[in-house]
Amino acid sequence: MAESEEEVDVLVQRVVKDITNAFKRNPNIDEIGVIPCPEARYNRSPIVLVENKLGVESWCVKFLLPYVHNKLLLYRQRKHWLDREALVDITCTLLLLNPDFTTAWNVRKELLQCGVLNPEKDLYLGKLALTKFPKSPETWIHRRWVLQKILRQSSAAGCRKQQQQQQDEAEQADVGRSQQLSDHLARTLHQEMRVCSDAAGRYPSNYNAWSHRIWVLQHMAMGNIKVFHDELSSMRLWVSMHVSDHSGFHYRQFLLKEVITELSHSSSNSGSPEHRSSTVLSSSPNHHSHSQANGELSGAEAADEVENQLGLSAVFQLFHQEMELCTDLIQSFPGHETLWSHRRHVFYLWHHWRRKHQHHHCNSTNGGSNSVHLNDSEPGLQKPAVQGSEDEEVVNRQRPAGEDMEVDRASLPDSRDSKRLKRGACPPTLPLEHSFVSRILDSCCNPEQRRFALAYRKWLDTVIGQQP
């Protein structure tokens, strides 16, 4: 028996070395897997490397996994000594076969803090483990720890840069290092998005992957509205192909809420009294007094008004596009509760945004201020009451071609507006939602679709209909 154990030790040590050599031969391995093979048929290594795919024959796993597991536990119990290189190899092998072994990740953390490993190498190991175990919670937790370490390093580098600039040292070199750091964070963010997308595609409703994706945006891209816009656009195709993935739609709801919050914040700031006061102070006193005497808006105030209009128009457009997406998916894929839940969330978000926006403008507008008002019954855009024909033409020219709006009753009719209304390009309202439900009930023959439509109608009446 002792001889057999020695043979197993020799075999396993050779396999561990083969895995290490495989990564040295091909540093671009992008996927791992277990090859079904009940027994060793040939006198060769069970590690198979084809292009960028690494495979382990299944017959050796029953020997390999217990061996590296026991080795690591003996090391943690201080009963067996392993040098740093051996620790790196053993933890790598163990985590590729069982990434939910927390002790192995903790050892890797210690090696990272000692400088033996670099963060990118550990992110790469986690990425490979997720190709075989895409829902592994310990792997996602460790990735967040590594990313926090990278963010702390970048923050510390930024503080050093500020101190050096205050001391008038080599500013050009500091700018170069800062740009390299920013590019590195951008690459890391892009890589995390790809890892999350790959894991979500490998395991349906992968809550761990989508939660990690939200965390990454909150910590690495908060305030960068372009990143959120790009994510929202790229997710449109994904959710259209995964209509039952609750976690994917929840991520889209997060994106929608963040983009709308950012747009509303920018719009409210541009039209706030504080912003107008700062604009007045920064403008010429003579020009300001002349404009006020004639009851006209200054050029800066007109620009703020245009920015406010565009921000609100963008919010309306987002809501309209999202409701259109919900409509198309519900009609194309009947009987999916996820789609109805998403529509409920979008309409609830719109309802509360409209109420909040109305309350904000009721409290912040003056007699001479220019604002966009929302109608309770049909909450569309009214035509802005900008004084002066030139400013009014500026606002009209800046308005997007596909803006979702309903013009004021007293405004002149426009052919483009009528076409928009015919296409249903107005923001969502309670009557329109009831009409949509009625159309679904009249045309559907799917019992699940009918049940979800009735539940949605009941929710509209009991939750939205009871609120002012």
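In this predicted model, F319 and W353 are both buried, and the two residues also meet as an aromatic pair. Their ring centres lie 6.1 Å apart and their planes stand at 50 degrees, so the pair is classed as tilted. Because F319 belongs to helix α13 (residues 299–332) and W353 to helix α14 (residues 337–364), the contact ties together parts that are 34 residues apart in sequence. This is one of 15 aromatic pairs that a search of the whole structure finds.

Helix α14 also takes part in a pairing with another helix, through Y348 and W459. The rings of Y348 and W459 are again tilted, with 6.3 Å from centre to centre and 55 degrees between the planes. Here the link joins distant parts of the chain, since Y348 sits in helix α14 and W459 in helix α18 (residues 447–464), 111 residues apart. The two partners can be described by their accessibility: Y348, at 35% relative accessibility, counts as partly exposed, whereas W459 is buried, with a relative accessible area of 12%. The class given to W459 follows because buried means under 20% relative accessible area.

A further residue of helix α14 is E337, which is partly exposed, with a relative accessible area of 46%. The value for E337 falls in this class because the exposed class begins over 50%. Between the C-alpha atoms of E337 and E448 the separation is 8.3 Å, although these residues are 111 residues apart along the chain.

Elsewhere in the chain, aromatic residues form a cluster, in which ring pairs link W210, F228, W238, Y251 and F254. One of these residues, F254, can be related to I214, for the two are 40 residues apart in sequence and 7.7 Å apart in space, measured here from C-alpha to C-alpha in the model's coordinates. I214 itself is placed in helix α8 (residues 207–220), and with a relative accessible area of 12% it is buried.

The backbone deserves separate attention at two loop positions. Most residues other than glycine have a negative phi. Against that background, R78 has a phi near 60 degrees, a positive value in a residue other than glycine. R78 is found in the loop between α2 (61–76) and α3 (84–97), and at 80% relative accessibility it counts as exposed. S205 likewise has a positive phi, near 50 degrees, and is also a residue other than glycine. The loop that holds S205 runs between α7 (171–202) and α8, and α8 is the helix in which I214 is placed. At 27% relative accessibility, S205 counts as partly exposed, whereas R78 counts as exposed.

Finally, the reader may turn to the charged residues towards the start of the numbering, where E5, E6, E7 and D9 form a negative surface patch. Of these, E6 is placed in helix α1 (residues 2–25), and its relative accessible area of 53% makes it exposed, because exposed means over 50%.

Conventions: Residues are numbered from 1 along each chain as its sequence is written. This is a predicted model: local features need pLDDT of at least 70, side-chain atom pairs count only at pLDDT 80 or more; totals for chains, interfaces and linings use all residues. Side-chain values use heavy atoms; hydrogens and water are left out. Patches are made of residues with over 30% relative accessible area and no salt bridge: like charges are joined within 9 Å, nonpolar side chains (Val, Leu, Ile, Met, Phe, Trp, Tyr) within 5 Å. Accessible areas come from the Shrake-Rupley method with a 1.4 Å probe; for residues, only the protein chains shown count as cover. A salt bridge is a side-chain nitrogen of Lys or Arg within 4 Å of a carboxyl oxygen of Asp or Glu. Lys and Arg count as positive and Asp and Glu as negative; His and the chain ends are not counted. The place of a charge is taken as NZ of Lys, CZ of Arg, CG of Asp or CD of Glu. Helices (H or I, at least four residues) and strands (E, at least two) are DSSP runs, numbered from the N terminus. Buried means under 20% relative accessible area, exposed over 50%, partly exposed in between (1.4 Å probe, protein chains only). Rings of Phe, Tyr and Trp (its six-membered ring) pair if their centres lie within 6.5 Å; planes under 30 degrees apart count as stacked, over 60 as edge-to-face and the rest as tilted.
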